[in-house]
Amino acid sequence: MTSLNLTERQQRERDYYNQYAKLHTPSIESIDLSPVTKVIEKIERRPWNSYWAIYQFAINHYSEGKRLLDFGTGPGENALRFAKIGYDIEGFDISEQNIEIAKDLFHKTGLKGEFQVSFAEYLPYEDDSFDLIVGIDILHHVDISHSIRECYRVLKYGGKAFFREPVEVPFLDRIRESSIVKKFFPKNASFDNHITEDERKLNWKDERTIRSVFPKVKKHYYFLFARFDKFFREGADPRPSFLEKLDYTIMKMFPFAKRLGGTVIYELEK
């Protein structure tokens with residue numbers, strides 16, 4: 001794949017993640033497998049945490065021989081967790097550096113996984129190839145119309161796709177986008193804050209596009225008061241979050257509060 005095949009947005013995303021991969025290459029020792037291993041071993045579950053929850057969905061749908069597509073695999077950390085569940089793993093990423101890291105990671109761990117450079121809008125897989133597709137923080141970086149149609153094409157009938165994504169909450173995002181808030185909490189492209197130039201939260205138009213391709217949609221909401229965790233916790237803090245637990249309880253007791261959740265796991269069925 002050469003730059004001639006990419007749009008300007010895709011080139012910016014590729015260049016950003018090639019550079020980001022050089023700055024933040026994960027080591028095997030640094031990858032936390034507990035969201036999978038602790039659940040499988042029945043030690044701990046965290047249904048209130050959107051990252052633990054998406055692995056739980058993958059665990060719930062696993063059976064021997066199933067193929068999983070890691071949709072936008074990055075450096076392979078998520079793919080490694082899915083492989084630990086037992087899935088036959090394939091993954092793609094727009095960054096050549098990410099794919100090299102993912103291949104090396106699987107080689108060092110002795111796990112099987114197939115990875116290739118590609119982009120979400122045109123997937124290099126046959127129709128009806130995968131039993132499960134999982135994407136973590138990917139759709140808000142891509143052209144959703146083309147990407148979600150490709151997702152539908154390569155998913156087997158009866159299969160499911162799960163996407164964990166940040167979503168707009170108009171009332172709260174108007175505050176977030178105000179000049180005074182952006183002054184203290186800028187949203188410019190940054191390697192330190194892991195923000196690209198073109199990423200954006202999903203909105204109601206994006207959801208309408210998703211539903212036009214996947215009529216069977218369930219939404220799982222997270223991240224109400226947990227928005228404020230960044231003021232109290234380090235990003236890699238492995239301990240359970242009190243605010244995430246609080247959000248989970250509030251949303252179960254008061255379903256209308258889900259609409260204020262800033263993160264959604266979309267469960268799509270073909």
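Helices here are DSSP runs of H or I that span at least four residues, and they are numbered from the N terminus. With that in hand, let's take a walk through this predicted model.

**Around helix α4**

Start with α4, which covers residues 77-85. This helix is mostly tucked away, with 7 of its 9 residues buried. The buried ones are N78, A79, L80, R81, F82, A83 and I85. Right after α4 ends you meet G86, whose phi is positive, at about 130°.

**The cores**

Now for the inside of the protein. The largest nonpolar core has 32 residues, and the members that touch the most other members are L69, F71, I133, L139, F163 and L268. Several elements supply two or more residues to this core: the strands β1 (67-71), β4, β5 (155-166), β6 and β7 (263-269), along with the helices α6, α9 (204-213) and α10. Among them, α6 gives the most, with 4 residues.

L139 is a good place to zoom in. Leaving aside residues up to four places away in sequence, L139 touches F71, I144, I148, F163, E165, L202 and I210. Apart from the largest core lies another one, made of 29 residues, including L80, A83, I99 and L132. Two of those names should ring a bell: L80 and A83 were on the list of buried residues in α4.

**Two aspartates with positive phi**

Next come two loop residues worth a look. Both D128 and D137 have a positive phi although they are not glycine. The table puts them next to each other.

| Residue | Phi | Loop | Relative accessibility |
|---|---|---|---|
| D128 | near 55° | between β3 (113-117) and β4 (130-136) | 34% |
| D137 | near 55° | between β4 and α6 (144-154) | 23% |

Why does D128 count as partly exposed? Its relative accessibility is 34%, and the partly exposed class runs between the 20% and 50% cut-offs. D137 is partly exposed too, because its relative accessible area is 23%.

**F223 and its neighbours**

Finally, look for F223, in the loop between β6 (216-222) and α10 (242-253). Is F223 buried, partly exposed or exposed? It counts as partly exposed because its relative accessibility is 32%.

F223 has company as well: not counting residues up to four places away in sequence, it touches D247, M251, L260, G261, G262 and T263. One of these, D247, falls within the 242-253 range of α10. K66 is another matter: its C-alpha atom is separated from that of F223 by 31 Å, and the two residues are 157 apart along the chain.

Conventions. Residues numbered from 1 in each chain as written. Predicted model: local features only at pLDDT ≥ 70, side-chain atom pairs only at ≥ 80, totals over all residues. Heavy atoms only, no water. Buried < 20%, exposed > 50% of the residue type's maximum accessible area, 1.4 Å probe, protein only. Contact = heavy atoms within 4.5 Å. Core = buried A, V, L, I, M, F, W, Y, C linked by side-chain atoms within 4.5 Å.
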